[in-house]
Every structure is written in C-alpha cells, then in structure tokens.
Amino acid sequence: MKKNGFTIVELLASITILAIIMTLGIVCVNIVSARILQSNYENKKSFIELKAAEYASDTGFLYTNVDNLVKEGYLSADDKNDNVVNPVTKESMNCFIVQIHNENDNLYGTLTEEEECNNDNILQTNMHLGINVIKESDFFRVNDIWTNENVTLEVYFKDLDVAESDVEKIIWETNAFKEERDVANDFRTKNKYFVDVSQVVDTTYYVEVILKDKTTYYAKTTVKIDKQNPIIYDDEIKVSLKGNLMDRESILKVSVSDTNGSGIGGYYVGENPNCKDVNYVDLDDNYFEVPITNKIYYICVQDKVGNLSENMSTKKVDLVNLVPPSIQNRSDNLVLGTETYDFKNNVDASFGIFEGTISCNPTISKKNGTYDVTCTALSDNGLSSTSTFHVHHS
C-alpha cells in the first residue's frame, strides 16, 4: 500500500534539522556582526588617536579626553548630546583619556579606557608643567629660538602646589631616545636635561612627570642649536665685468648656505680680512650681488645666531693681480675618424671667478690629413691662454 505524507518521526527529524540550521545561521550572523562592530570600533579608535595627535600639534598639549576633542572641534559627535559612541557597547566614550607621545619625530595618540570626565582637570594637567630653556650665557623661556650655545632643559611646575618629594619619576624623550629617571627625593638634579651638540639640532623634547600617587603631567619644548659655520661656495663666486676693462666696473655674485641651521643672516664684502670685526649687511637669502671695482675684496657671511664663515670659507677676490685662465688638452695627439669633431671638446678650461669663452683654429675637424689645432681660452678679465695639440685622421 502506498504511503501518503510524513510520519511523526520524520516530521520531528525535519524540524530538528531545521532548528539546528537556523541556530547555526544565527550564530554565524552574530559572529559576523560582532566582527563588523569590532572593526568599526578599531577604525573609530584610530581616527580619535589621529585627531588627538593633530590637537597636540596645534596646542602643545599631550593629554586629553574624547570629550575635549569634540568640544575643540577635532571630532564630530554621534548624537545630539555630543557623545562619541562605542559601536560595540553603545556606550559613551567621551571620558576616555588619550595620551599623545612622540615617535620618530611624529606625534601619535593612544586611546585608553581610563576615564577622566572633568575637562578642567584635563586642562590643568597640560598647563601645570613647563620647561625652561637655559643657555650657557643667559636665561630664556621661548620655544623655537635658535642659539649657538648648549642648553639645559629644566622642568618645573606652574601655579601648582606640588612638593618635590611627591615626584616619583621623570621621563625625558625625543624621536631618538627615551630616558626614565627615578627621582628618589632628588628632583633638583633629575629635573634637568643637558643638550650638547657639535653641529645642528632642531628637535622637540618631551617630558613626563609622574607623582607618587600616579598623577601625571606633560610638557614639551623645541630645541634649536646651530654651531655650524655658514658656507661660501668656491665655484659659485663669479664676477661679471661691466664697462671697459680699464674701469673694471664689476658685479660680484656669491652663493652661500647655512645647510640645515638657523639660516644666513648677513654678508660682508670689503677690504677687511677679519670677519669678526666688520659690519654685516642683512641677508635672508642664499645669494647676493655687490658692485665692486679694481681692488682686493674679502667675503664673509654669518648666520642668524652669529656663526661666521671665517674658520671655514672666508674668500678673497683679487681684481688687482688678475691671472689668465688655465687650459689643458684632453689628448695631445687626437686620432679622428671620418666623423666631424668640434675641437672645443678636446680641451678643459678654468676661468676662476670670471666667465669666459673657448675658441679653436680650426674650429672643426677636416676630412683627412694631419695638422695642429690651437685653442684659446679668453677670460672676461681680458687675459687669455692657448694650447696646441696634434690631429691625425685615420
């Protein structure tokens, strides 16, 4: 007899299988949803840390919370109550603390789940610590100022009643190092950091002061030390003669540089060879031109902190004892084929501080034969030099 429909056992088995499939589907959906929410949280966290670094770069404050970033316009809120919402827990993140630190001369934020909801406390944490910058010769407290002296950094509390014995640790840090100091009731020594360089430094120094009750304060300052002599480039000193040779009305053209230091501050062109005893003309460039006549001149430059070119590259320009250009053959016996050859290519000439021209007779190669070629280097100072070489066509 033919059976119609399902038996009760078959129906129960089918229902059980469907229930298992639905359960597995719900679990998979929940897992995928959780992963998406966690990914959204990580993206939001990275964005908050990025904006906190921008905030630190703009303000110099290395400590904040999410709520302060919203109020200062660095973050947009997720609801009408100005809350930034955790996509996983659906709770407000506004009280979460963001610590900004330096790495490889870049600022990075680190979002923590430690909470500080009082923005006044956030502001005070940033404002209560300062760094004095003390030069060897005097005292100043202004960031981003170049000096040619070593400096001592001195961290201090501003308008805050903190006993020195309350300090547990001081951490000094740049992009190149991190030094932790246990204070151990020796705040007056450990709160100083000596910066000694031989050439140039342009670096931001960060300091973190941790009290014994774990309260932490932050500060930063920029140190700019330039002990590097400015440079006058030998091959960039040129004289352009104007008028006739007897008058020798000329323009002296000079290129200089302070590489990555404080920058060129002034120049001197005159008869005094002592760069320490001259008056400098202000210069905020790496090039200058000066009218000169038939004399011996000395060139000096100084950078913006007073370093002089004297020890490195003071230059003498002699327009009295003029010398002819030098000219040298590349080959004293030039063997040529059938191709045309420009004989200027067979000589090297140096005109010193002047411009000049090279001419040869004959100018280009003949088709055949053996002959001599004479080339002349004529300097703008009116003097010349010649050279001769032998040519043979193969």
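I began with strand β8 (residues 167-173) in this predicted model, and I found that five bridges join β8 to β9, the two strands running antiparallel.

I then looked up individual partners across this pair: tryptophan 172 has glutamate 179 in β9 as its bridge partner, while isoleucine 170 is bridged to arginine 181 in β9. The connection between the strands came next, and I noted that a hairpin of four residues leads from β8 to β9.

Which order do the strands take in the open sheet of five? I read the order as β6-β12-β11-β8-β9, and I recorded the pairing in this open sheet as mixed. At its edges I found β6 (146-147) and β9 (178-182), each of which pairs on one side only. I kept in mind that strands of a sheet pair through backbone hydrogen bonds, either parallel or antiparallel.

I turned next to strand β21 (residues 326-329), and asked which of its residues lie on the covered face and which on the uncovered one. Ile327 and Asn329 make up the covered face, whereas Ser326 and Gln328 make up the uncovered one. My reading of this pattern rests on the general rule that in a regular strand the side chains alternate between the two faces of the sheet.

Lastly I checked the pairing of β21, which is joined by four bridges to strand β23 (residues 347-350) in an antiparallel arrangement. Within this pair, I noted that glutamine 328 stands opposite aspartate 348 of β23.

Terms used
Residues are numbered from 1 along each chain as its sequence is written. This is a predicted model: local features need pLDDT of at least 70, side-chain atom pairs count only at pLDDT 80 or more; totals for chains, interfaces and linings use all residues. Side-chain values use heavy atoms; hydrogens and water are left out. Buried means under 20% relative accessible area, exposed over 50%, partly exposed in between (1.4 Å probe, protein chains only). Two strands pair if DSSP finds at least two bridges between them.
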